[in-house]
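Student: Could you take me through the nonpolar parts of this chain, with a close look at the main core? I would like one connected account.

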Amino acid sequence: QINATFSNRTDIGDDDSDPLLEVSDHHGLAQKSRIHSADNSTWIRRSVFGNVLPSSNDSGVDRLSTPAYWKKPHYRFATDDALLFLDKRSLYLHNVSVVNVTITERCLSTGSDHGSASFVTTVAEFVAQVAGMDAVVVNQLMYGIRTNEDKYRNGHLVNVANKEHWTWRRKQLEMYDDDGIATWLFRKLGILSVSVLTFFLLTSVTAVIVRVLTSSGVVLMFPVFSLFRALGVPGADVRILGLSYPWIGRARTVINRRRIHPSSHLIAAHSAKIFLFYLMYEACQAAWSAVLYGKSIPEGLPIWLFGFAMIWEYFTMVFCRSAMSVHFFPRCLLLYFIAYHIYFLSTPYAWFDVALVPWFLFMIQAMLYTIIALEIPAVARGAISLECPREVFNRLSWAEWTASVPHEWTLFLPLNSRHTPLYDREMSDVEEEDGAAAEVAGERQSDPTNTVVEANDGGGRAEV
């Protein structure tokens, strides 16, 4: 059952008692019998009981009539967010009153407290115990509290237990009411554009932070190995790390040889880089959620989205090595991402956190398909080997040190090269090769610019 309290009083502090439920014979501040309309704010409290809710305790007192039962609500709602930050005295002086309302889960699932339960409503009530009632309460207040002209209202809702806050505006709700086909089509195109932009930003910042953690994060292993070596742990050789991560090991070797500055400066510089980039990564979660979405979302949704992107990045880095995997897996992820965001951006507030479960299962299915159907056959036919661990790659137009890490901007370069195993290459026949050689020889003889210079060097001949 849901015990709901609708009121004009909406402070969010941890109050020991509700002043509007206190009984007093005095006047002045203790007089709290004034009741007004519930248009300004609302409280909601939720409690789950068994099939039967006892209305009285062992002493015969109705528990629903006791102030202790309504002591602390579960939700607090207000159409003016300023009321959520007022203390008790200010609320009373501003003539804010409370209205208590009880809503059962049967009422929310069937529309009536005496509604008959069906299979769908029974499943809905069961899922509500797992997924919570936040989405139900938000939509109940978002669409239920309206003006006398049946227009939407601004709303501010706070979950008292975890302090999670939801906010919506009247104009924001009116945007979801389709006025015509042109408006609907324009809004869907905007949703598609925002989804693609979000996918680019989310995957790009995740790829950058993974590159930083991979290149600079390993520097922390060197002092750890030095500590192990000082403690006499066998096998803790720093030279092994230097060979495994040459962009760090080569720099430490040169530093120790030239002694311009100690090796600790290199470790401190990489540690500062990791700290700065990780703070920027965390800041992107909050900033982009507010800029790109522009509406109230579940509190943990950005963490889940960025967590999914981190899984994609590490999976791509470790497992996606064949050309087919590189072609299939990112496009499949983009399709799932856009499908979720079309649902996410097409409604003011829905079961966004619950929809993450099927999305995660589809993501696991794509990963398993990539490994079983694409990667294993590629390894079996020799497209991936120790000599060429990736079938497709980027080839730069200039030389780079093999012991260095590519720059971060190379993450955004498109793939331009592909390794083809020897047994998969198309070879011409011997006759065709002989004919081509004879044709080249004839061209050289007919060309007067060709010059043949013979040099006797142990029977060798050089042709220019």
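Tutor: Happy to. Accessible areas here come from the Shrake-Rupley method with a 1.4 Å probe. On that basis, this predicted model has an accessible surface of about 28,200 Å², and 61% of that area belongs to carbon and sulfur atoms. The chain has 464 residues, of which 34% count as buried, and its secondary structure comprises 14 helices and 8 strands. Among contacts with a separation of 6 or more, 74% are between residues 24 or more positions apart.

Now to the core itself. The largest nonpolar core contains 52 residues, and Leu 157, Trp 168, Leu 305, Trp 312, Tyr 340, Phe 344 and Trp 359 have the most contacts inside it. Elements that each give two or more residues to this core include strands S3 (75-78) and S6 (165-168), along with helices H4 (134-144), H6 (181-215) and H10 (263-293). Helices H11 (301-318), H12 (323-345) and H13 (356-380) are also on that list. Another core, of 9 residues, lies apart from it; Val 219, Leu 241, Ile 248 and Ile 267 are among its members.

Phe 344 rewards a closer look: beyond its neighbours within four places in sequence, Phe 344 is in contact with Tyr 293, Lys 295, Ile 297, Leu 301 and Phe 352.

Helix H13 also takes you to the surface. A nonpolar patch of about 720 Å² is formed there by Ile 311, Val 357, Phe 360, Leu 361, Ile 364, Leu 368, Ile 372 and Ile 376, with H13 giving the most, 7 residues. Ile 364 is found in H13 and counts as partly exposed because its relative accessibility is 31%.

Key:
Residues numbered from 1 in each chain as written. Predicted model: local features only at pLDDT ≥ 70, side-chain atom pairs only at ≥ 80, totals over all residues. Heavy atoms only, no water. Core = buried A, V, L, I, M, F, W, Y, C linked by side-chain atoms within 4.5 Å. Buried < 20%, exposed > 50% of the residue type's maximum accessible area, 1.4 Å probe, protein only. Helix = DSSP H or I, 4+ residues; strand = E, 2+ residues; numbered from the N terminus. Contact = heavy atoms within 4.5 Å. Patch = residues over 30% accessible without salt bridge, like charges linked within 9 Å, V, L, I, M, F, W, Y side chains within 5 Å. Salt bridge = Lys/Arg side-chain N within 4 Å of Asp/Glu carboxyl O.
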